Amino acid sequence: MTRLASRIAVVTGGARGIGRAIVDRFVAEGALVLVGDLDPDGREIEAEHPGRVLYQWLDVTSDTDWRAALTAVEKVFGRPDIMVNNAGTSRTGTVADTSDVDWRFVMNVNAFGTFLGCRHAVRLMANTGGAIVNIASARGQRPGSTQCAYSASKAAVLNLTESTALHCGENGLPIRCNAICPGVVETPLMRRHLEGLNDAAALATVTGKQVISRLGTPREIADAAVFLASNEASFITGATLSVDGGFRIRDL
Ligand SMILES: NC(=O)c1ccc[n+]([C@@H]2O[C@H](COP(=O)([O-])OP(=O)(O)OC[C@H]3O[C@@H](n4cnc5c(N)ncnc54)[C@H](O)[C@@H]3O)[C@@H](O)[C@H]2O)c1
């Protein structure tokens, strides 16, 4: 399959979970991929896709790291034309009990990290064009009281996606910017969240909030990322694609 043939992609948080599935699907579609992650396990993916994946240690909240990662990918593969801002984190807490530290940590990784990725992508792709895909969350559209900081950070990602798309359009930059809102997906992040709820019935409670009451798979999110990054989505920008098993519309 060659829907992303000759394309060069940056995928943040690509060492595991949804990001990992995106890397695998992008490679299968012909792309060369830089995996930017602060988990050194990401290096193992290089061996699995020889010559097609480059791992670079990257903390998405550090502009210095971003510069190093983008220099590395340009040197090895060339100028990226796909940016997937997937790296994310979460903390459980309501507005009453979320600490300053937790709020700043979640906003820093999810909102500021995605902002840095969008800013670099817009500058890099201004002449040559490309696609930005931001991984937000269904919680960015329907906040959860016990995920106060996380929900707010993902709402920020959705708003940023639209302002980035507007900026590109208003300035004639051939760059599309879209977001995906996953529902509950089987990944290490989700497993940690369920443990945090400290409830044996937590899984059923969480998946029961969707129309399709099962965990989504990382592959299902990755398929949507391939679509939005590819030319099949050439008339789509500023959009939010829900891949959430119907979470957003349930019990509205
Ligand atoms: N799993 C879900 O149910 C779900 C639902 C909605 C949205 N999401 C979003 O999807 C994205 C991926 O989530 P996941 O479930 O695969 O998470 P995960 O924890 O399984 O993987 C996240 C990856 O991001 C990396 N990462 C974390 N902080 C980073 C940083 N500062 N710099 C660089 N890399 C960093 C981690 O090392 C890890 O490899 C996140 O943005 C998350 O908010 C997940």
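**Reading a ligand site, a patch and two residues**

The shell around the ligand holds 16 nonpolar, seven polar and six charged residues.

Trainee: How do I read those classes, and what am I looking at?

Mentor: Ala, Val, Leu, Ile, Met, Phe, Trp, Tyr, Cys and Pro count as nonpolar; Asp, Glu, Lys and Arg are charged; the others, Gly among them, are polar. This is a predicted model, where local features need pLDDT of at least 70, side-chain atom pairs count only at pLDDT 80 or more, and totals for chains, interfaces and linings use all residues. Residues are numbered from 1 along each chain as its sequence is written, and side-chain values use heavy atoms, with hydrogens and water left out.

Trainee: Which residues come nearest to the ligand?

Mentor: A residue is near a molecule if one of its heavy atoms lies within 4 Å of it. Here 29 residues surround the ligand, and D37, N86, Y150, V185 and T187 come nearest.

Trainee: Which polar side-chain atom lies 2.7 Å from an oxygen atom of the ligand?

Mentor: A polar contact is a pair of N or O atoms within 3.5 Å; within protein, one must be able to donate a hydrogen and the other to accept it, and residues adjacent in sequence count only if both atoms are side-chain atoms. Y150 supplies that side-chain atom. I18 uses a polar backbone atom, 2.8 Å from a ligand oxygen. A backbone N or O atom of G183 lies 3.3 Å from a ligand oxygen.

Trainee: How much of the ligand's accessible area does the protein cover?

Mentor: Accessible areas come from the Shrake-Rupley method with a 1.4 Å probe; for residues, only the protein chains shown count as cover. On its own the ligand has 820 Å², and the protein covers 96% of that.

Trainee: Which element gives the largest share of the shell?

Mentor: Helices (H or I, at least four residues) and strands (E, at least two) are DSSP runs, numbered from the N terminus. The largest share, four residues, comes from α6.

Trainee: Is N178 buried or exposed?

Mentor: Buried means under 20% relative accessible area, exposed over 50%, partly exposed in between (1.4 Å probe, protein chains only). N178 has 0% relative accessibility, so it counts as buried. N178 sits in strand β6 (residues 175-182). A polar atom of its side chain lies 2.8 Å from the backbone nitrogen of A239.

Trainee: What is the phi of S6?

Mentor: Most residues other than glycine have a negative phi. S6 is not a glycine, yet its phi is positive, about 65 degrees. S6 lies in the segment before β1 (8-12). S6 counts as exposed because its relative accessibility is 67%.
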